[in-house]
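Here is a short set of exercises to work through with the structure open beside you. Try each task before reading its solution.

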Amino acid sequence: DCLAEYAAYPWFRAVGIERATLFGAAESANVCALYAATFPDRCERLALFGPYARSVRSETYPFGNSEEELLTWVREMREGWGERSFLTDFARVIDPVIAEDEQLLDWFIWMQRLAASPAAAADFARMAMETYITDILGSIRVPTLILHREARRGEAQYMAERIPAANAIELRGGSQTPYSVDVVEALLSFARGAVAPPVPDS
């Protein structure tokens with residue numbers, strides 16, 4: 001049985017939902033994509049922000065990082081996660097605005113410390129490194145919206161070209177988080193569209 005079956009469907013049944021619009025950002029986009037590919041009859045739409053099909057660069061996937069670079073990042077997370085200096089640098093990478101606002105930065109650091117221990121953060125980074133969804137993209141048959149910034153253009157286009165019903169939209173700015181008005185507006189417009197017909201599970 002697929003992990004996605006246990007991760008999502010009981011929640012759907014508990015609140016009386018037969019089909020849902022799924023939204024995932026970065027690493028969580030992979031889980032949503034897998035669910036949509038596996039259970040299309042339960043997924044009305046799929047929305048992804050800053051997704052990537054794999055982390056490790058290869059001859060057929062010229063994006064991401066080398067395996068050596070990613071292993072270095074895993075080690076650095078294990079050694080530095082929770083430290084203010086490390087998390088400040090991390091904030092600058094995903095959204096410079098966070099690092100420029102002292103109050104927002106304090107909240108960000110507090111949230112990251114509560115979210116994971118150094119070991120858990122490193123394990124999560126390794127999991128992301130080892131997760132590939134390149135082989136399932138063509139199996140996603142529900143309407144799909146891919147939102148991305150310029151920095152993730154290549155990864156987004158790669159996925160949009162391989163998901164039959166995908167539409168990629170590039171948003172302005174450099175933030176790699178989905179917490180902005182333009183993302184919300186695009187998601188609401190997509191979710192409020194005409195009801196998509198069910199896709200049979202096959």
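**Exercise 1.** Which are the buried residues of helix 8? Then find what covers them.

*Solution.* Keep in mind that this is a predicted model. Start with the helix itself: Gly-154, Glu-155, Ala-156, Tyr-158, Met-159 and Ala-160 are its buried residues. Next, look at what lies over them: the cover includes strand 2, strand 3 (144–148) and strand 4 (166–170).

**Exercise 2.** Which members of the largest nonpolar core touch the most other members, and which elements give two or more residues to this core?

*Solution.* Begin with the count: this core has 28 residues, and Leu-22, Leu-46, Leu-137, Ile-140 and Met-159 touch the most other members. Now trace the elements that give two or more residues: they are strand 1 (20–25), helix 2 (27–38), strand 2 (43–49) and helix 8 (153–162). Helix 2 contributes the most, with 6 residues. For a close look at one member, take Ile-140: leaving out residues up to four places away in sequence, Ile-140 touches Ala-33, Ala-36, Ala-37, Leu-46, Ile-163 and Pro-164. Finally, another core of 17 residues lies apart from this one, and Ile-94, Ala-121, Ala-122 and Ala-125 are among its members. As background, nonpolar side chains in soluble globular proteins tend to be buried together.

**Exercise 3.** In what sense do strand 1 and strand 2 pair, and is the crossover between them right-handed or left-handed?

*Solution.* First check the bridges: strand 1 and strand 2 are paired in the parallel sense over 6 of them. To set the register, note that Gly-24 stands opposite Leu-48 in strand 2. Then follow the chain from strand 1 through helix 2 to strand 2: this β-α-β crossover is right-handed.

**Exercise 4.** How many aromatic pairs does a search of the whole structure find, and why is the pair of Tyr-61 and Tyr-158 called edge-to-face?

*Solution.* The search finds 9 aromatic pairs. For Tyr-61 and Tyr-158, the ring centres are 4.8 Å apart and the planes stand at 85°, so the pair is edge-to-face, as angles over 60 degrees count that way. Now place the partners: Tyr-61 is in the loop between strand 2 and helix 3 (67–80), Tyr-158 is in helix 8, and the two are 97 residues apart. Both Tyr-61 and Tyr-158 are buried.

Move on to Trp-81 and Phe-86, another edge-to-face pair, with 6.2 Å centre to centre and 65° between the planes. Trp-81 has a relative accessible area of 8% and is therefore buried; Phe-86, at 15%, counts as buried too. Both belong to one aromatic cluster with Trp-73, Phe-90 and Phe-108.

**Exercise 5.** Over which rings do the charged ends of Arg-45 and Arg-54 sit?

*Solution.* Take them in turn. The charged end of Arg-45 sits over the ring of Phe-190, 5.9 Å from its centre. For Arg-54, the ring is that of Tyr-132, with the charged end 4.0 Å from the centre.

**Exercise 6.** Is Ala-168 buried, exposed or partly exposed, and which residues is Ala-168 in contact with?

*Solution.* Locate Ala-168 in strand 4. Its relative accessible area is 31%, so Ala-168 is partly exposed. Setting aside neighbours within four places in sequence, the contacts of Ala-168 are Ile-146, His-148 and Ala-160. One more distance to check: the C-alpha atoms of Ala-168 and Thr-144 are 8.5 Å from each other, with their positions 24 residues apart along the chain.

Key. Residues are numbered from 1 along each chain as its sequence is written. This is a predicted model: local features need pLDDT of at least 70, side-chain atom pairs count only at pLDDT 80 or more; totals for chains, interfaces and linings use all residues. Side-chain values use heavy atoms; hydrogens and water are left out. A nonpolar core is a set of buried Ala, Val, Leu, Ile, Met, Phe, Trp, Tyr and Cys residues joined through side-chain atoms within 4.5 Å. Buried means under 20% relative accessible area, exposed over 50%, partly exposed in between (1.4 Å probe, protein chains only). Helices (H or I, at least four residues) and strands (E, at least two) are DSSP runs, numbered from the N terminus. Contact means heavy atoms within 4.5 Å. Two strands pair if DSSP finds at least two bridges between them. A crossover is right-handed if, with the strands pointing away from the viewer, the path from the first strand over the helix to the second runs clockwise. Rings of Phe, Tyr and Trp (its six-membered ring) pair if their centres lie within 6.5 Å; planes under 30 degrees apart count as stacked, over 60 as edge-to-face and the rest as tilted. A charge sits over a ring if NZ of Lys or CZ of Arg is within 6 Å of the ring centre and within 35 degrees of the ring normal.
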